[in-house]
Every structure is written in structure tokens, then in C-alpha cells.
Amino acid sequence: MPGRRTPQRRTLLRALMDADGFVSAQSLHADVVRAGPAVGLSTVYRTLAALTEAGLADTVREPNGERLFRYCPSRHHQHYLLCRCCGTSSPVDAADVESWVRTVTAASGYTEVEHTVELTGICAPCGAQGRNP
């Protein structure tokens, strides 16, 4: 766990690990508060930011701009295809994207380049049911 190892941060990490797929900071906060421990929403945001920075959480952005988080057991950078209807996520092979980022980084002279690729669509089950976001 990056940063201070407080009981609240340990509780949040466990809740993120136990979450089913991507969750919002507010949803994670509500789950933790329902379970009992007093944790402030600002602590949730700070902890999720630290986990993301450390590579322990993946993040995607909803169409409305809200960020969603998921525990990442490996520190391997990953991209996802996210269903706009049900929120299901699937990891995707993004070797071409990573290669392009390395090429752009080398050509630009920038260092410590970070990137986010947002892929959204409608998954097969939602498409078969005719669901729309």
C-alpha cells in the first residue's frame, strides 16, 4: 500500500479488492460506511489516487466523466473495453497502443509520459437484448 498505512486505507484496499469489477469512489465509500468503519469521502479519493499512481488500481472513465476504479493485482498497465449498458469490462491487448506511446515519447523528448485509452461499446449480451445506454 502506498503512502501511510492507516486502518482506513487498509479497509479501502480490501473493499476495492472485494468489489465486483469497476466501482466509483462514491460507491466504494458507501459500501465501506455501510460496513461500519468511519472513512471520509476525501480519504477514499486520496487512497484511490495513490493506488492508481502505484499501479495497484486501474481506472476508466464513464461517458458522464466519472472515474471508476478496479483493483489491479499486478502492476502491469492494462486497457479495457467497457460496456456502456451494464458496465462489464474486458481487458484488451493494447500492444499497438503501447508501441505508439513509446514512439511518440521518444520522438517528443518528453519523459514520464502517461496515457489513458477509453474504449466503450455495448457487450454481446446487452446487444442481444437490444439494450441501449
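Q: In what order do the three strands of the open sheet stand?
A: This is a predicted model, so let's read the sheet off it. The sheet is an open one, and its strands pair in antiparallel fashion. Going across, the order is 1-3-2.

Q: Why is one side of strand 1 and of strand 2 left without a neighbour in the sheet?
A: Look at where strand 1 (23-24) and strand 2 (57-61) sit. Each has a single partner strand, so one side stays free of a neighbour. That's because both stand at the edges.

Q: Which residue in strand 3 stands opposite Ala57?
A: Strand 2 and strand 3 (residues 67-71) run antiparallel, with five bridges joining them. Follow that pairing across from Ala57 and you land on Tyr71.

Q: Which residue in the turn between strand 4 and strand 5 has a positive phi?
A: Strand 4 (residues 79-83) and strand 5 (residues 89-92) are antiparallel and joined by four bridges; along them, Tyr80 stands opposite Pro91. The two strands make a hairpin, with five residues between them. In that turn, the one with a phi of about 85° is Gly87.

Q: Which elements give two or more residues to the largest nonpolar core?
A: This core has 15 residues, and Leu12, Leu28 and Leu48 are among those with the most contacts inside it. The elements giving two or more residues are helix 1 (7-18), helix 2 (25-35) and helix 3 (41-53).

Q: How many residues make up the second core?
A: This core is separate from the largest one. Its members include Phe22, Val60, Leu68 and Leu82. The count is five.

Definitions and conventions. Residues are numbered from 1 along each chain as its sequence is written. This is a predicted model: local features need pLDDT of at least 70, side-chain atom pairs count only at pLDDT 80 or more; totals for chains, interfaces and linings use all residues. Side-chain values use heavy atoms; hydrogens and water are left out. Two strands pair if DSSP finds at least two bridges between them. A nonpolar core is a set of buried Ala, Val, Leu, Ile, Met, Phe, Trp, Tyr and Cys residues joined through side-chain atoms within 4.5 Å. Buried means under 20% relative accessible area, exposed over 50%, partly exposed in between (1.4 Å probe, protein chains only).
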